[in-house]
Structures are given as structure tokens and as C-alpha cells.
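The following exercises concern one protein structure. Please study the sequence and the model before reading each solution.

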Amino acid sequence: MQVDGSNVIQAPRDRVWALLQDPEVLARCVPGVQEMLPDGPDSYTAILNVAVGPVKGKFKAKVKISNQVPPQSMTLQIEAKAPTGIVNAVGQLVLVEQGESTLVQWSGEPKLMGMIASLAGRLIGGISKSQADVFFSNLEKEAQNPVTA
């Protein structure tokens with residue numbers, strides 16, 4: 001299933017790009033993140049408390065960033081595992097400069113396996129969009145914080 005959308009962040013594209021490269025910012029923006037640590041170049045491990053429909057659990061995730069074209073686009077690959085199943089997703093972010101704001105166009109393809117697929121598979125499209133809205137709302141708040149040197 002393909003999901004996509006777009007959000008406007010009230011900050012210049014370079015600022016939005018820099019925020020998306022900061023694991024501490026990402027940990028504050030991604031819903032349910034308990035911990036996010038660098039694990040090599042453009043790679044992170046994370047612990048997430050996630051509810052996907054009726055299925056709740058603690059997921060251990062690997063996040064890899066690839067195909068970076070700063071400050072325009074990147075690909076994210078996520079593999080999250082829990083006793084209830086596995087979530088694999090590939091997503092693309094494209095940042096379009098709009099003066100002092102940035103349009104972030106996103107698309108992704110989440111795949112569920114295990115019990116989570118049978119219990120929450122039909123809900124994943126709506127859940128993905130809802131989680132993206134929370135992420136971009138949090139990113140907007142981060143973009144409004146003063147830049148520290």
C-alpha cells in the first residue's frame with residue numbers, strides 16, 4: 001500500500017534539512033520514540049512504543065537514510081520488529097523551497113508481517129497519515145525553536 005502527503009514547515013529548506021539530519025530532533029518528532037541512537041553513517045537504532053490499530057508493542061527499529069541530495073531529497077528505510085510482528089517501510093522525502101517556508105512532500109510504502117498484519121493491516125493507511133501529521137507538527141515546533149550555534 002502506498003501512502004503519501006505533503007506538509008508545509010515555516011522555515012527555510014536548509015533549516016528543515018538540518019533538522020531532519022539531527023537524531024535528537026527526530027527522536028522528539030517521531031511519535032512513540034523512546035530512544036534513538038546513531039548506529040553508523042546515516043543509520044540509527046530506535047526503540048518505539050507504537051499502537052497500530054488494536055496492536056500495541058515495543059518495537060526495535062533500524063533506520064537507514066540513503067539517496068541523499070542535500071537539501072532536496074532523501075530515502076528512509078525502516079525495519080521495526082516486535083513480538084507482534086514486523087513493519088518494513090521505505091519512504092521518500094522531497095523538500096521544495098517556498099521562500100521562507102518549505103513544502104515537504106512525502107511518500108511511503110509500509111509492509112506489515114505477523115500478527116500485526118492480520119489485526120491492523122487494513123488500518124495502516126490511515127494510521128500512517130495520522131502519524132505523519134504528528135511528526136510534521138512536531139517538526140514545525142522544532143523549526144520555530146531558536147537556532148543554536
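**Exercise 1.** Determine which residues Thr84 touches, not counting residues up to four places away in sequence.

*Solution.* Contact means heavy atoms within 4.5 Å. By this criterion, Thr84 touches Val55, Lys56, Phe59, Met113, Gly114, Met115 and Ile116. The next step is to place the residue: Thr84 lies in the loop between strand 5 (73-82) and strand 6 (85-98). Helices (H or I, at least four residues) and strands (E, at least two) are DSSP runs, numbered from the N terminus. The last step concerns accessibility: buried means under 20% relative accessible area, exposed over 50%, and partly exposed in between (1.4 Å probe, protein chains only). Thr84 has 13% relative accessibility and therefore counts as buried.

The model is predicted; local features need pLDDT of at least 70, side-chain atom pairs count only at pLDDT 80 or more, and totals for chains, interfaces and linings use all residues. Residues are numbered from 1 along each chain as its sequence is written, and side-chain values use heavy atoms, with hydrogens and water left out.

**Exercise 2.** Describe how strand 5 pairs with strand 4 and with strand 6.

*Solution.* Two strands pair if DSSP finds at least two bridges between them. Strand 4 (residues 55-69) pairs with strand 5 in the antiparallel sense, over eight bridges. Val69 has Ser73 in strand 5 as its bridge partner, and three residues separate the two strands of this hairpin. Strand 5 also pairs with strand 6 in the antiparallel sense, here over ten bridges. Lys81 has Ile86 in strand 6 as its bridge partner, and this hairpin has two residues between its strands.

**Exercise 3.** Establish which residues of helix 1 are buried and at what angle the axes of helix 1 and helix 4 cross.

*Solution.* The buried residues of helix 1 are Arg13, Arg15, Val16, Trp17, Leu19 and Leu20. Because six of the eight residues of helix 1 (residues 13-20) are buried, the helix is largely enclosed by the rest of the structure.

For the angle, axes are lines fitted to C-alpha atoms, for helices over the stretch in contact, and angles run from 0 to 180 degrees between N-to-C directions. The axes of helix 1 and helix 4 (residues 124-144) come within 10 Å and cross at roughly 115 degrees. Angles under 35 degrees count as roughly parallel, over 145 as roughly antiparallel, 65 to 115 as roughly perpendicular and the rest as oblique. Helix 1 and helix 4 are therefore roughly perpendicular to each other.

Finally, Arg15, Val16, Leu19 and Leu20 in helix 1 meet Phe135, Leu139, Glu142 and Ala143 in helix 4.
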